[in-house]
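Please look over the model below before reading on. This report takes up selected local features in turn.

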Amino acid sequence: MLSQVYHCGFQPFKQRLLPWVKCTAVSRLHRVQPSAIRHVRSWSNIPFITVPLSRAHGKSFAHRSELKHAKRIVVKLGSAVVTRGDECGLALGRLASIVEQVSVLQNQGREMMLVTSGAVAFGKQRLRHEILLSQSVRQALHSGQNQLKEMAIPVLEARACAAAGQSGLMALYEAMFTQYSICAAQILVTNLDFHDEQKRRNLNGTLHELLRMNIVPIINTNDAVVPPAEPNSDLQGVISVKDNDSLAARLAVEMKTDLLIVLSDVEGLFDSPPGSDDAKLIDIFYPGDQQSVTFGTKSRVGMGGMEAKVKAALWALQGGTSVVIANGTHPKVSGHVITDIVEGKKVGTFFSEVKPAGPTVEQQGEMARSGGRMLATLEPEQRAEIIHHLADLLTDQRDEILLANKKDMEEAEGRLAAPLLKRLSLSTSKLNSLAIGLRQIASSSQDSVGRVLRRTRIAKNLELEQVTVPIGVLLVIFESRPDCLPQVAALAIASGNGLLLKGGKEAAHSNRILHLLTQEALSIHGVKEAVQLVNTREEVEDLCRLDKMIDLIIPRGSSQLVRDIQKAAKGIPVMGHSEGICHMYLDSEASVDKVTRLVRDSKCEYPAACNALETLLIHRDLLRTPLFDQIIDMLRVEQVKIHAGPKFASYLTFSPSEVKSLRTEYGDLELCIEVVDNVQEAIDHIHKYGSSHTDVIVTENEKTAEFFLQHVDSACVFWNASTRFSDGYRFGLGAEVGISTSRIHARGPVGLEGLLTTKWLLRGQDHVVSDFSEHGSLKYLHENLPIPQRNIN
């Protein structure tokens, strides 16, 4: 066995291995040292992460985001994870995925240990097979075909199954880890090995030596000899090894492990038995919360249940080891559950000793839901009064707001690009414009929620109404734009929606005071909790998974942010656009007096905006004309960098740099210029390379303009107007939550109307469908009724 270790490139053991340790290795493979491994591995589709892994042990991690710093990790595989559904044999695909993830983390320089079940199930499979084979052919023939199918297999004793399955289970792990050039070692323990001081020291020394040599220890209770667990046998301050849950916890504390991952067949810890109507997954569990949890029955296999897992987790937590309990059997997540946990993603239940100062994001979601429902029941005048008060606060508290914004600007200096710094900046004029926009929203909100859109008399005394209602709870994620907060809050208030806000950390000071002012305005009618600012360490990807709490996600930021959110959102619709690739087509009949003004305003007024011009399409007849020269001179004066499209470059002897892609949103003083032969070619170009955001034609020919307006399939299509008009405030919507390029529900600048949906109200008098059957007494009328006008002061 030691010769195998030498083949792996390791020095021999400095101390004698314990008798129950079996070391497996890749024969004649030189092992790369951990420091070099990060540079040579490319076999896995799971991304590597390079993080500092050293930390002083003694205190568990306070937040999930810190788990990426875990160096020594124990992964406990429950019986339900390792075994198949028939409890006879192993779930090979699931095990292979787990081994791959453990190998990825091991090759990042971490020290991985596995506590695994499965020997009993593997042995049961082997012994059943042997019993069937031992049946004589004569006995099988005499029994008859039907009786053969119903042949009873005797109940197999668990210890015998464990004895028969241990070698096969380890051989399987050997074969799997060999695929990733990783050595593994088997260690079988019993409770006595922890109680005997000499054995405990030997076990500790062996594990440390294996980890030093970059070997993955695989630990299991020696079920072939272990006695039955005795109830209430825990010693004072020490957990007894009754099952693999308690073994994993005891091992984690003994080895000063940073993280213990317990994989089971449920998503984590619920406040009541999983499957019950009111069961909710607990994201973070704190010591002392046991009273709020009702435990159900234990797993279909294995010795422990969730109660045993929680007890083991709390004991490990007390010993300084962080713990996560998660699902290792779900086919959609088991392939990355371990790496997701280590990356700090919101998976399973995280055990923490540090309670946050404020509410969790789940609690904030519930508060936004209940607050939004109260908001929707207010009279329109009351919602308008809240928005007017918020507008007044923006001007009255101007100095405090600008002081907070100054702190953000100072902290962001040198870290953010110039366009983002411009978005981050607030000014007196910006606050005045915000206040004006909010008052517009207040005026338009008078007839929003509860507006009757349609009335139909279905039959006599049976009338149907379709009315506007809030969508529910909105999650708005925005970057570097604190002015977005009061705009979005006002629209949510006007439409009666609950609101969760997640702003960028670069605007933390500005967002904090703007949110406090928003809640102050909401307080005048007792709905302060309807708008919540998420200040916890929740990642955006984790927020996008709260499909039970959030009804619509609205991203406000870079195209990359929008794409990431669209990818991360599972089951929650996302309103927004991934890119703002806006075009302007200069027709052959474009006015000389208009072109330069329109191009300058569209490109140079605010190049970082999503409605800024990115591609200028020029009719070929305008090349080498005074108008063309005026455009180029103006762009040069404005210091706009020009990128030539392929056709434009072919016309020039010395052309600017040729564009890398015609589908580019620059967000800066850069512009692509391309040549087209006619309006149809311009439309085709826009459809191929545009993002369906905002596109413009400049021409004096009304017929050509109308053709362009009708045939360009974008959210906003303009004639002789700047692309920058694509904005909720400029459209008279007061403000916008964003610009949508999707084709469902809302498109273009999304204001108040885009945050409403409808519901149907049916008022009858003991009506039943059977009365309208062929021989029934009633007939459908389906008469349109007049819509009552609401009194708006």
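The text that follows covers a strand and its partners, a pocket, a helix and a loop residue. The model is predicted.

**Strand 20 and its partners**

Strand 20 spans residues 694–698, and five of its five residues are buried. Its side chains split between two directions. Thr694, Val696 and Val698 point one way. Asp695 and Ile697 point the other way. Burial holds on either side, since all of these residues are buried.

Strand 20 pairs with strand 16 and with strand 21, as the table sets out.

| Strand paired with strand 20 | Residues | Sense | Bridges | Bridge partner of Val696 |
|---|---|---|---|---|
| Strand 16 | 582–586 | parallel | four | Met584 |
| Strand 21 | 716–719 | parallel | four | Phe718 |

Val696 thus takes part in both pairings: Met584 is its bridge partner in one, and Phe718 in strand 21 is its partner in the other. The link between strand 20 and strand 21 includes helix 27, residues 702–711. Together, the three elements make a right-handed β-α-β unit.

**The second largest pocket**

The second largest pocket holds about 1100 Å³ of space. Its lining counts 49 residues. Closest to the pocket centre are Arg481, Tyr606, Ala609, Arg724 and Asp727. Several elements give two or more residues to the lining: helix 17 (418–424), helix 18 (428–444), strand 15 (552–556), helix 22 (559–568) and strand 22 (738–740). Helix 18 gives the largest share, five residues. By class, the lining has 18 nonpolar, 17 polar and 14 charged residues.

**Helix 14**

Helix 14 runs over residues 361–377 and has 17 residues. From first C-alpha to last, helix 14 reaches 24 Å, close to the 24 Å expected at 1.5 Å a residue. Its buried residues include Val361, Gln364, Met367, Ala368, Gly371, Gly372 and Leu375. Glu362 and Arg369, both from helix 14, are buried as well. So is Gly365. An α-helix has 3.6 residues a turn, so residues three or four places apart point the same way.

**Lys660**

Where does Lys660 sit? It is found in the loop between helix 25 (646–651) and strand 19 (670–676). Is Lys660 buried or exposed? Lys660 is exposed, because its relative accessible area is 89%, and exposed means over 50%. Gly645 lies 15 residues from Lys660 in sequence. In space, the two are 8.6 Å apart, C-alpha to C-alpha.

Technical notes
Residues numbered from 1 in each chain as written. Predicted model: local features only at pLDDT ≥ 70, side-chain atom pairs only at ≥ 80, totals over all residues. Heavy atoms only, no water. Buried < 20%, exposed > 50% of the residue type's maximum accessible area, 1.4 Å probe, protein only. Pairing = 2+ DSSP bridges. Right-handed = clockwise from strand over helix to strand, strands pointing away. 1 Å grid on protein atoms, 1.4 Å probe; cavity = no way out; pocket = protein on both sides within 12 Å on 5 of 7 lines; lining within 4 Å. Points joined across faces, edges and corners; volume = space filled by probe spheres on them. Nonpolar A, V, L, I, M, F, W, Y, C, P; charged D, E, K, R; others polar. Expected span 1.5 Å × (residues − 1).
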